[in-house]
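Open the model in a viewer and keep the sequence panel visible. The tour below goes from one selection to the next and says what is there.

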Amino acid sequence: MCGIVGFTGAQPAAPILLDGLKKLEYRGYDSAGIAVMSEGGITVSKVTGRIANLCEKTNDGKEVPGSAGVGHTRWATHGAPTEENAHPHLSNDGRFAVVHNGIIENYIALREELIRDGYRFESETDTEVIVHLVEMYYSGSVRDALIKTTNRLRGSYALGVICSEEPGKLFAVREASPLILGVGVGENYFASDVTALVPYTRNCIYMDDGEYAELTKDSVKVFDCTGQELSKEVVRVTWDVQAAEKGGYEHFMLKEIMEQPAAIKAATAPRIKNGKVFFEEMDISAEELREIRKIVITACGSAYYAGCSGRYALEKLCRIPVEVELASELRYNNPLIDEHTLLIVISQSGETADTIAAMKECRARGAKALAVVNVVGSTIAKLADWTAYTWAGPEIAVATTKGYTTQLAVLYLLSVYFADKLGYIDDCSKYVSSLRALPRLIQHAIDMNPGAAQLAKKYHGSKSLFFIGRNTDYAVALEGALKMKEISYLHAEAYAAGELKHGTIALIEEHTPVIALCCNPAIMEKTLSNIVEVKARGAEVLALTFRDNQKILSVADDLLFIPKIDALFSAAVEIIPLQILAYYVAKENGCDIDKPKNLAKSVTVE
Ligand code: F6R
């Protein structure tokens with residue numbers, strides 16, 4: 001989704017802004033632009049399409065002079081992806097330029113008012129009202145004009161603003177959309193995502209909602225909405241710059257698939273000590289746990305599917321009913337949630353708008369919220385009562401892989417941790433050794449499937465792919481089908497195998513590909529019957545199972561393998577061959593694997 005960068009210092013701003021925008025490319029965008037201040041005023045350059053076009057148009061930034069400016073990647077919401085609609089937007093008098101992430105909900109009324117007052121609009125965007133309001137309210141202080149402007153706005157916004165009257169100064173505002181300030185030496189920055197900052201500085205200030213910032217090359221100041229200066233903590237970011245680069249892999253997605261053994265180790269190893277699981281970051285007591293009548297997990301997309309899988313371990317070990325709800329539905333369901341509900345909120349980015357809204361709704365009803373989040377300092381992490389970070393490192397490919405599996409790992413750890421605190425586990429060692437084995441088993445699952453690329457050649461032209469499974473296998477089938485859809489653009493659907501004969505089997509015909517997940521011994525025989533049913537109707541079956549599973553091996557047409565693992569924790573291993581298959585199918589289809597069409601890395605609008 002949209003990205004923002006800002007720079008002020010002694011060196012030319014444009015090359016740094018362009019570099020920052022490149023780091024944000026992975027979030028998805030369809031146009032981009034920069035605005036830089038010099039003695040001659042503000043120069044704006046905008047393009048549709050890739051940052052490469054902006055580099056070409058500006059001769060790598062050399063044609064946009066000045067040492068302070070802002071940049072933006074836009075993911076079209078209000079108005080088509082055109083140069084006019086791309087940010088930055090200029091005020092009519094040319095003194096202000098604004099970049100914006102988020103959505104201004106009341107922009108139509110504001111636009112009509114501003115047109116009545118004589119302001120000229122150049123774009124169809126909601127953002128443009130902001131720059132005209134700033135011009136209207138400016139009477140010598142940009143900070144005052146911004147406070148007056150934001151008092152008129154409803155919605156979400158991270159803003160970057162420059163004003164030719166105050167050369168070398170950047171202004172930033174945050175409300176329900178992420179914005180991070182980068183503190184350097186003789187130069188300062190802001191960005192909507194820490195990946196754009198780490199090549200330049202690791203010292204960051206995470207802005208909170210309702211805060212305003214002013215940056216010069218030598219100072220970073222943050223204010224509240226009354227103009228009162230705030231004292232903010234400077235946080236040291238530990239993310240590795242290398243981790244946000246491809247490191248020899250053709251795509252970030254493949255690199256991130258391969259990083260999963262290490263990512264799972266980072267999520268699990270520090271939390272396992274002396275044969276037990278510990279969450280030092282969480283001060284939840286056994287008494288508090290005993291007060292919990294139900295657990296509600298909420299999330300979107302793959303994070304929701306991680307919840308669907310994690311539910312089995314939580315329910316089985318903790319003996320607390322667990323509901324898994326799509327955040328976009330939960331918030332409008334008038335949910336039966338109170339102070340006896342533990343809400344588990346799962347999000348890689350920590351910035352997903354629907355998840356944030358559902359979380360706020362449930363907390364307002366009294367639920368305590370535990371966030372399972374990857375991005376440190378993100379909105380969801382800040383809103384939560386407790387946060388268990390997934391420590392996956394930066395995930396750049398839009399389709400999540402290590403983000404999802406580390407969410408699973410944390411849910412497994414939480415299940416054992418809570419159950420142990422509740423006194424339901426006599427001996428944790430059995431579970432702990434399964435959890436310790438996860439990185440090794442994931443590596444096996446990667447190594448066991450060299451045939452996946454070849455299978456992709458067989459299945460890449462399919463009209464539709466069916467993923468089937470039962471129980472824990474069904475939860476993984478949901479994520480497997482999503483991976484296939486989003487990166488290869490093939491129609492793929494997951495069905496609970498037992499449901500086939502209640503309708504869907506009507507769609508099975510000669511050569512329909514069915515991907516059957518058979519990794520849960522407790523219901524394997526049942527899934528086998530479903531395989532036989534679809535085979536009898538001509539389906540081509542690709543089974544995912546263990547190497548020694550003779551019954552499945554003898555009926556399936558093709559095979560993917562995982563090593564033996566406790567079904568309770570198998571999802572994190574089972575998904576690996578399906579990620580690899582989806583990757584190679586997308587490659588066969590010539591898709592833009594890291595940046596699938598129409599998708600964005602973090603969905604900060606509803
Ligand atoms: C799919 C994918 C999305 C995200 C979803 C939630 O590969 O990445 O479905 O899982 O948009 O995002 P987060 O986890 O950032 O809240």
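## Stop 1: a loop residue with positive phi

Select Trp391, which sits in the loop between strand 22 (386-389) and helix 13 (402-421). This is a predicted model, and in it Trp391 has a phi of about 50 degrees, a positive value although the residue is not a glycine. With a relative accessible area of 39%, Trp391 is partly exposed, because the partly exposed class runs between 20% and 50%.

## Stop 2: the whole chain

Zoom out to the full protein. Its secondary structure consists of 19 helices and 27 strands. The radius of gyration is 25 Å, close to the 25 Å that the globule rule gives for 606 residues, so the protein is as compact as a globular protein of that length. Along the principal axes, the C-alpha atoms fill a box of roughly 75 × 55 × 45 Å.

Colour by accessibility next: 61% of the 606 residues count as buried. Among contacts with a separation of 6 or more, 70% are between residues 24 or more positions apart.

## Stop 3: helix 1 and its cover

Select helix 1, residues 13-23. Which of its residues are buried? They are Ala13, Ala14, Ile16, Leu17, Leu18, Gly20 and Leu21. Now show the surroundings: the cover over these buried residues includes strand 1 (3-8), strand 2 (31-38), helix 2 (51-57), strand 4 and strand 10 (188-191).

Strand 4 (68-74) leads to the next selection, since the loop between it and strand 5 (89-90) holds Pro88. Display the backbone there: the peptide bond from His87 to Pro88 is cis, with omega near 0 degrees.

## Stop 4: Ala145 in helix 5

Move to helix 5 (residues 142-152) and pick Ala145. Its relative accessible area is 0%, so Ala145 is buried. Leaving aside residues up to four places away in sequence, Ala145 touches Val134, Tyr137 and Tyr138. For a sense of scale, draw a distance from Ala145 to Glu479: the two are 334 residues apart along the chain, and their C-alpha atoms are separated by 47 Å.

## Stop 5: Ser156 and Ala176

Select Ser156, in strand 7 (residues 155-163). Is Ser156 buried or exposed? At 13% relative accessibility it counts as buried, because the cut-off for that class is under 20%. Show its contacts, again without residues up to four places away in sequence: Ser156 touches His100, Asn101, Gly102, Ile103 and Ile104, and also Glu175 and Ala176.

Step from there to Ala176, in the loop between strand 8 (170-175) and strand 9 (180-183). Like the residue at the opening stop, Ala176 is not a glycine and has a positive phi, here near 60 degrees. Ala176 counts as partly exposed, at 30% relative accessibility.

## Stop 6: helix 14 against helix 7

Show helix 7 (residues 260-268) together with helix 14 (residues 429-447). Two packed helices are described by the angle between their axes and the distance between the axes. For helix 7 and helix 14 the angle is about 165 degrees and the axes are 8 Å apart. The two helices are therefore roughly antiparallel to each other, and their crossing is right-handed.

Turn on side chains at the contact. Helix 7 contributes Gln260, Pro261, Ile264 and Lys265, while helix 14 contributes Leu438, Pro439, Ile442, Gln443 and Ile446. By class, the residues of this contact are 6 nonpolar, 2 polar and 1 charged.

## Stop 7: helix 14 against helix 19

Keep helix 14 on screen and add helix 19 (residues 571-588). What is the angle between helix 14 and helix 19? It is about 25 degrees, with the axes 9 Å apart. Helix 14 and helix 19 are therefore roughly parallel to each other, and helix 14 passes helix 19 in a right-handed crossing.

On the helix 14 side, select Leu438, Leu441, Ile442, Ala445 and Ile446; they meet Ala572, Val573, Ile576, Pro577 and Ile580 in helix 19. The residues of this contact divide into 10 nonpolar, no polar and no charged.

To finish, display both contacts of helix 14 together. Leu438, Ile442 and Ile446 take part in the contact with helix 7 and also in the contact with helix 19.

Definitions and conventions. Residues numbered from 1 in each chain as written. Predicted model: local features only at pLDDT ≥ 70, side-chain atom pairs only at ≥ 80, totals over all residues. Heavy atoms only, no water. Axes fitted to C-alpha atoms, helices over the stretch in contact; angles between N-to-C directions. Helix = DSSP H or I, 4+ residues; strand = E, 2+ residues; numbered from the N terminus. Parallel < 35°, antiparallel > 145°, perpendicular 65-115°, else oblique. Left-handed = near helix turned anticlockwise from the far one by under 90°. Contact = heavy atoms within 4.5 Å. Nonpolar A, V, L, I, M, F, W, Y, C, P; charged D, E, K, R; others polar. Rg over C-alpha atoms; globule rule 2.2 N^0.38 Å. Buried < 20%, exposed > 50% of the residue type's maximum accessible area, 1.4 Å probe, protein only.
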